[in-house]
Amino acid sequence: MSPLNIEKGSSKHSAYDLRASFSEVEETHTLAVVVDNEPGVLARVIGLFAGRGYNIDSLTVAETDHTGHRSRITIVTTGTPQVIEQIKAQLGRMVPVHEVHDLTVEGAAVERELALFKVAGRGEARVEALRLADVFRANVVDSTLESFVFEITGSTQKVDAFAELMRPLGLVEMARTGIAALARGT
Amino acid sequence: MNMANVTTQTRREMTGARMVVQALKDQGVEVVFGYPGGAVLPIYDELFQQHDIRHILVRHEQGATHMAEGYARSTGKPGVVLVTSGPGATNAVTGITDALMDSIPLVVITGQVPTFMIGSDAFQEADTVGITRHCTKHNWLVKDTSQLSDILHQAFHVATTGRPGPVLVDIPKDVQFATATYTPREAARTAHYKPATKGDPEMIARLVDLMERAERPVLYTGGGVINSGPEASRLLRELADATGFPVTSTLMGLGAYPASGKSWLGMLGMHGTYEANLSMHGCDLMINIGARFDDRITGRISDFSPNSIKAHIDIDPSSINKVIRTDVPILGDVTEVLRDLLAAWKARGSRVNREGLAQWWAQITEWRGVDCLGFRNSDRIIKPQHALQRLEALTKGHDRYITTEVGQHQMWAAQYLGFEDPNRWMTSGGLGTMGYGLPASIGVQVAHPDALVINVAGEASWLMNMQEMGTAVQFRLPVKQFILNNERLGMVRQWQELLHGERYSQSWSEALPDFVKLAEAFGCKGIKCDDPADLDDAIMEMLAYDGPVVFDCLVEKHENCFPMIPSGKPHNEMLLGEAETQGVIGAEGGVLV
């Protein structure tokens, strides 16, 4: 008896992705999850990730629609395509979750995070820090004679690069918001 | 009708405690399984003052949850549990988790310390919504009486819509005392939770095409068929009979297709039949209907049914592609999808690959010839399989419901009892909760007072919730406890024999109670049987007795449950009997459960 000869492959007309097999390569995806702004909703989402062993690389959350009681959670996660699909399905079936968007596959998206850096130093290092902050379009939001607090907005890569440059110049502390993301266009 | 009239008819002022009872009535609830305590006293006071809702007083809150599960599973209606704060809620956690794993609709109402004391480590305070967040489909802490009735109606909606499951509503005591306007059922906000039930027509067409061409199809059905309602079972039977496709089922799906049906292969999986598992392994088209590719079913994933196209009908998107790559995913309710599937298949001429099917059935008939459920009987000692065969023979024709505990006896019950209808088989599949069967049988009997309800038990599991015999006696529920007593933790013992060099660490019980005296102490009948020659008479005596019975059936102590697919092995490497057990489970399989 021979197996049925059935072509596998994706169908343009289908909501489903019929790839032949799961890839084992890990991918990073940015998910936007619109939820009811009710007590415990963040714990539910985080608990899902913790309980099922999914990664959270970054997470931001805030109310985005006060009258509709909606919050938007932006999660950056890493996993194989099968795991990413599972995460979306698991999020999607939660009762307070209204929408799950995978910004990584739904087309171009803008991703930004905000970071605050405290850099202490005197003399040449202090001048260099200020000069680099200018190059990176970081704002000085606090200043003493021996320190600055810079505010920088941009992609994760830009913030990472700025952090690396500040380290030898007297980086004391840093606080990052994690990624907020929106799909481009209408 | 003026506005004032409308207001008094549809909206009423009442206390939170009265709202609970009113909401239960509006939801058609007839029975609540519960246990009172400080934080639910106002609700119990309301229950006292009405006669529409019956309350079954349990002996332990875990018992209440399993009773509600048995009630729900045997009726298709949600089971309702009412317990107090703190220990009342934590005792319910096992049953709630069990219901989540097996997709049983439960509405659990817990009392909570008053809102102004939450967080102060008050007496009998526990973070109930925090603790149960991971074992409920959804839960709510109600902080304001004005939200209570709306949330209660939402709770019933969520528990019973989409993939069913347990929900919990935690109600602080001050919220029960305070007064607010009651929101009737029709006005509750439920619109936001509406999982899709209609399958994608394109995917259904694709499956029809595959069904027409398949040479070696198999219908792999699960608990989703039962949960979808009796119509789903009817459609499944129509589909199987019209196409001639063989049918197998998971533990949870038994009864959806009748055991006497000509296409029935028996249960599949770790202790499934030879013909069911080899059909799964060798098929070219697998149609999964409301099952979830559990690890008890698949064995080694990489060798699971290697040459088949897999279609999967499920209402839960997270079930699809979770474990096994699906070629034809159909997201929807089993009833609706099967109806559309049958219509589409008939519209295209009701075609199947007759030649291929005939060869496939010839192969299956050969596999059936192995007689994998054969066992060596004895006239000196009762074999557990024999005991179940006799129970089956002597209860045929009865309006019969079976519950089980967890372990060897559970697998034997699944193998040797035949289920002709859905909702007749209540067992703890996903969580594997010892202590499930006795309270579940009580819940079933409450729903079906005149039916024959038998809990097939092992003595170890049964002892875990035996206190509920008190409930059975108090409420005159004539449940029959059929205990296959091998004085061992049978399944643990079997694994230790196969996997741990026959070192039987803590897997046998000394000081077991005298079950007959125990039964009498509870005020019910006890029967003991240890001779195969007396077995039929003893079973008849149990069936004839009008009241709860504890039947202590002393069976062979070292019997193993076969067939068995050892952990980490594929379907075509199953063990059929003792002779094949030497060194069968490798180190890799040993880490699996």
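A:Asp160 sits at 34% relative accessibility and so counts as partly exposed, on a scale where buried means under 20% relative accessible area, exposed over 50% and partly exposed in between (1.4 Å probe, protein chains only). Its salt-bridge partner is A:Arg176, with the closest N and O atoms 2.8 Å apart; the term covers a side-chain nitrogen of Lys or Arg within 4 Å of a carboxyl oxygen of Asp or Glu. A:Asp160 belongs to helix α4 (residues 156–166) of chain A and A:Arg176 to strand β8 (residues 171–176) of chain A, so this pair ties together parts that are 16 residues apart in sequence. Helices (H or I, at least four residues) and strands (E, at least two) are DSSP runs, numbered from the N terminus. A:Arg176 is also partly exposed, at 33% relative accessibility.

A word on the model itself. It is a predicted one, in which local features need pLDDT of at least 70 and side-chain atom pairs count only at pLDDT 80 or more, while totals for chains, interfaces and linings use all residues. Residues are numbered from 1 along each chain as its sequence is written, chains are lettered from A and ligands numbered from 1 in the order in which they are written, and side-chain values use heavy atoms, with hydrogens and water left out.

Chain A has four helices and nine strands. Read from the N terminus on, its elements go β-α-β-β-α-β-β-α-β-β-α-β-β. Of its 186 residues, 40% count as buried. Among the contacts in chain A with a separation of 6 or more, 71% come from residues 24 or more positions apart, contact here meaning heavy atoms within 4.5 Å.

The domain assignment splits chain A into domain 1 (27–102) and domain 2 (109–183); such bounds come from an automatic or database domain assignment. The C-alpha centres of these two domains of chain A are 28 Å apart, and seven residues of domain 1 are in contact with seven residues of domain 2. Together the two domains of chain A bury about 480 Å², with 49% of that on carbon and sulfur atoms; buried area is the accessible area (1.4 Å probe) that two parts lose on being put together, summed over both. On the domain 1 side, A:Thr30, A:Thr60 and A:Arg72 supply 60% of the area buried against domain 2, more than any other three residues.

As for polar chemistry across this interface, the rule finds zero salt bridges between domain 1 and domain 2 of chain A. There are, however, four residue pairs in polar contact between them, both residues at pLDDT 80 or more. A polar contact is a pair of N or O atoms within 3.5 Å; within protein, one must be able to donate a hydrogen and the other to accept it, and residues adjacent in sequence count only if both atoms are side-chain atoms. Strands β2 (58–65) and β3 (70–79) of chain A are the elements that give two or more residues to the side of domain 1 that touches domain 2. That side is made up of two nonpolar, four polar and one charged residue, where Ala, Val, Leu, Ile, Met, Phe, Trp, Tyr, Cys and Pro count as nonpolar, Asp, Glu, Lys and Arg as charged, and the others, Gly among them, as polar.

Over all chains, the salt-bridge count comes to 36. In chain B, B:Asp316 pairs with B:Arg163 in a salt bridge, the closest N and O atoms being 2.7 Å apart. This pair links distant parts of the chain, 153 residues apart: B:Asp316 is in the loop between β13 (309–314) and β14 (328–331), and B:Arg163 in the loop between α7 (145–160) and β7 (166–172). B:Asp316 counts as buried, at 1% relative accessibility.

B:Asp536 and B:Arg390 likewise form a salt bridge, at 2.8 Å from N to O. Here the link spans 146 residues, from B:Asp536 in helix α23 (residues 535–544) to B:Arg390 in helix α16 (residues 384–395) of chain B. B:Asp536 is partly exposed at 26%, as is B:Arg390 at 25% relative accessibility. Elsewhere, B:Asp209, B:Glu212, B:Arg213, B:Arg348 and B:Arg351 are joined into one network by salt bridges that share partners.

Finally, B:Ser461 is found in helix α19 (residues 459–464) of chain B and counts as buried, at 2% relative accessibility. Neighbours within four places in sequence aside, B:Ser461 is in contact with B:Glu405, B:Val406, B:His409, B:Met434 and B:Gly435.
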